[in-house]
Every structure is written in structure tokens, then in C-alpha cells.
Amino acid sequence: MKKVFTNDRFFLAVTLCAVIGCAAYLLSLLSLSLTDYFVTQIPTLIRALCVIFLYSSYKKHSKNVMKGLMGALLMVQLITAISTLSALYQPGEGIFAGIYLAVSLLLFINHFIINSDHHSKPGMIKLNQYLCVAYLLDIVAWNILWIVADQSVLNIICCFFDVIYIVGMASSIVCVESRLDAYRIEREAKGYVAK
């Protein structure tokens with residue numbers, strides 16, 4: 001999985017998925033006339049903006065900005081995961097919401113473990129990559145539950161873009177973490193000793 005998450009094209013693709021998926025998701029919510037629910041989606045918009053700036057800071061090699069943006073993005077994600085616990089409507093949703101919260105919390109904590117010093121942490125990076133796959137499976141299953149409950153075309157479109165933007169967002173974080181760790185591994189191979 002390391003080659004996937006350190007690939008430039010994959011990183012651009014997941015960034016586009018996060019941003020375009022977010023815009024399409026928000027538009028589909030408006031189409032479903034969920035204007036009351038739309039206001040609660042401001043964190044979704046914030047996450048999309050963070051992903052845009054994260055990609056931009058990566059292109060500019062601004063490592064400290066990237067780390068800060070990842071922390072902000074993961075905090076908004078964690079808050080969103082917590083808030084979903086108060087908006088469960090379908091039977092069985094609690095399981096998916098619990099997994100969503102657990103994965104969000106683990107990604108958040110792991111971000112600080114990875115960036116706690118200047119040493120590489122390939123094991124923690126691998127954990128992030130597996131957590132990203134867990135995100136994918138959980139979000140897909142959760143949206144399938146919603147599609148089964150409401151098989152309207154607009155709901156299916158909304159669920160599709162929900163998966164696209166959330167997985168794109170999580171993957172973009174893991175891409176940056178994987179790239180920064182690869183850089184640390186290269187430095188260590190050249191004899192750099194971090195303090």
C-alpha cells in the first residue's frame with residue numbers, strides 16, 4: 001500500500017475526489033431539500049477547504065503548514081464523527097457511527113504520534129493506511145444502509161458523493177503522512193540523526 005499512498009497521481013486524484021465529491025454532496029443535499037440539515041454541514045465545507053490547502057502546501061513543500069492542516073482536518077473530522085452519534089435514524093446505524101468515531105479518533109491520535117519527533121514511524125504509517133481502508137468499508141456499508149432505506153435517485157447520488165468525499169479526504173491525509181515518513185526514512189538512510 002505504501003506505493004499507492006506515495007504516488008503523486010493518487011494524491012491528486014484523492015484530493016479531487018474530496019473537493020469535487022464534497023461540492024456534489026452538498027449540492028445533492030440541497031436538491032433533497034434538506035436545508036435544515038445543510039447548515040450542519042459547515043464542517044464538511046471546512047474539511048474540503050483544508051484538503052485544498054493541504055495539497056497546496058504539499059506542492060510548496062511547507063511541512064509545518066501541512067502538519068497543522070492535517071491536525072485541523074482530523075479535529076474537524078473527529079467532531080463530525082462525535083456529532084453523528086446524535087443523528088442516527090436507521091436501525092444498525094450505531095455500529096457504523098461507532099466505527100466511524102473509532103477510526104477518526106485513531107487517525108487523530110496517530111497523527112500526533114507520527115509527528116511527535118523527527119524519526120520515521122513506518123508501523124504507524126501502515127496503521128494509518130489500514131485505517132483508511134476501514135474508513136472506506138465503513139462509509140460504503142453505512143451508505144448502502146441509507147440506499148436500502150431510501151432508493152430515490154437523489155438519495156443514491158447523495159450517498160455516492162458522501163463516500164467519494166470522505167474517502168478522498170481520509171486518503172489525502174494518509175498520503176501526506178506517508179510522504180513525510182518516506183522523507184524521514186530517506187534522511188535516516190543518509191545518516192541523519194534526529195534529536
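What radius of gyration does the protein chain have, and what would a compact globule with 195 residues have? Hi everyone, let me start there. The protein chain comes out at 17 Å, and a compact globule with 195 residues would be near 16 Å, so the two agree. Please keep in mind that this is a predicted model.

Now the overall layout. The protein chain has eight helices and zero strands, so if you follow the sequence, you read α-α-α-α-α-α-α-α. Along the principal axes, the C-alpha atoms fill a box of roughly 60 × 30 × 25 Å. Of the 195 residues, 43% count as buried. The accessible surface is about 10,100 Å², and carbon and sulfur atoms own 72% of that. For those of you who like contact maps: take the contacts between residues at least 6 apart in sequence, and 74% of them join residues at least 24 apart.

Let me show you some of those contacts, starting at the very beginning of the chain. Methionine 1 sits in the segment before helix H1, which covers 2-5. In sequence, methionine 1 is 128 residues from glutamine 129, yet their C-alpha atoms are 7.2 Å apart in space. Leaving out residues up to four places away in sequence, methionine 1 touches Gln129, Tyr130 and Val133. Its relative accessibility is 40%, and because partly exposed runs from 20% to 50%, methionine 1 falls in that class.

Next, two residues inside helices. Threonine 15 belongs to helix H2, residues 8-31. Is threonine 15 buried or exposed? At 6% relative accessibility, threonine 15 counts as buried. Its contacts, again skipping residues up to four places away in sequence, are Val51, Tyr55 and Ser172.

Valine 103 is in helix H6, residues 93-114. Valine 103 has 5% relative accessibility and therefore counts as buried. With the sequence neighbours up to four places away set aside, valine 103 touches Leu131, Ala134 and Tyr135. Here is a pair to set beside the methionine one: valine 103 and serine 86 are 17 residues apart in sequence and 18 Å apart in space, C-alpha to C-alpha.

On to empty space, which I suspect some of you came for. Rolling a probe the size of a water molecule over the atoms shows where empty space is left. The second largest pocket holds about 170 Å³ of space. Two elements give two or more residues to its lining, namely helix H5 (63-84) and helix H8 (153-189). Which of them gives the largest share of the lining? That is H8, with five residues. The full lining is Tyr58, His61, Lys63, Met66, Arg179, Leu180, Ala182, Tyr183 and Glu186. Sorted by class, that makes five nonpolar, one polar and three charged residues.

One member of that lining deserves a moment of its own. Histidine 61 lies in the loop between helix H4 (42-59) and H5. With 63% relative accessibility, histidine 61 counts as exposed, because the cut-off for that class is over 50%. Histidine 61 also has a positive phi of about 60°, although it is not a glycine. As background, most residues other than glycine have a negative phi. So if you are scrolling through the model, have a look at histidine 61, a lining residue of the second largest pocket. Thanks for listening, and I'm happy to take comments!

Key: Residues numbered from 1 in each chain as written. Predicted model: local features only at pLDDT ≥ 70, side-chain atom pairs only at ≥ 80, totals over all residues. Heavy atoms only, no water. 1 Å grid on protein atoms, 1.4 Å probe; cavity = no way out; pocket = protein on both sides within 12 Å on 5 of 7 lines; lining within 4 Å. Points joined across faces, edges and corners; volume = space filled by probe spheres on them. Helix = DSSP H or I, 4+ residues; strand = E, 2+ residues; numbered from the N terminus. Nonpolar A, V, L, I, M, F, W, Y, C, P; charged D, E, K, R; others polar. Buried < 20%, exposed > 50% of the residue type's maximum accessible area, 1.4 Å probe, protein only. Contact = heavy atoms within 4.5 Å. Rg over C-alpha atoms; globule rule 2.2 N^0.38 Å. Areas by Shrake-Rupley, 256 points an atom, 1.4 Å probe, with all protein chains shown as cover.
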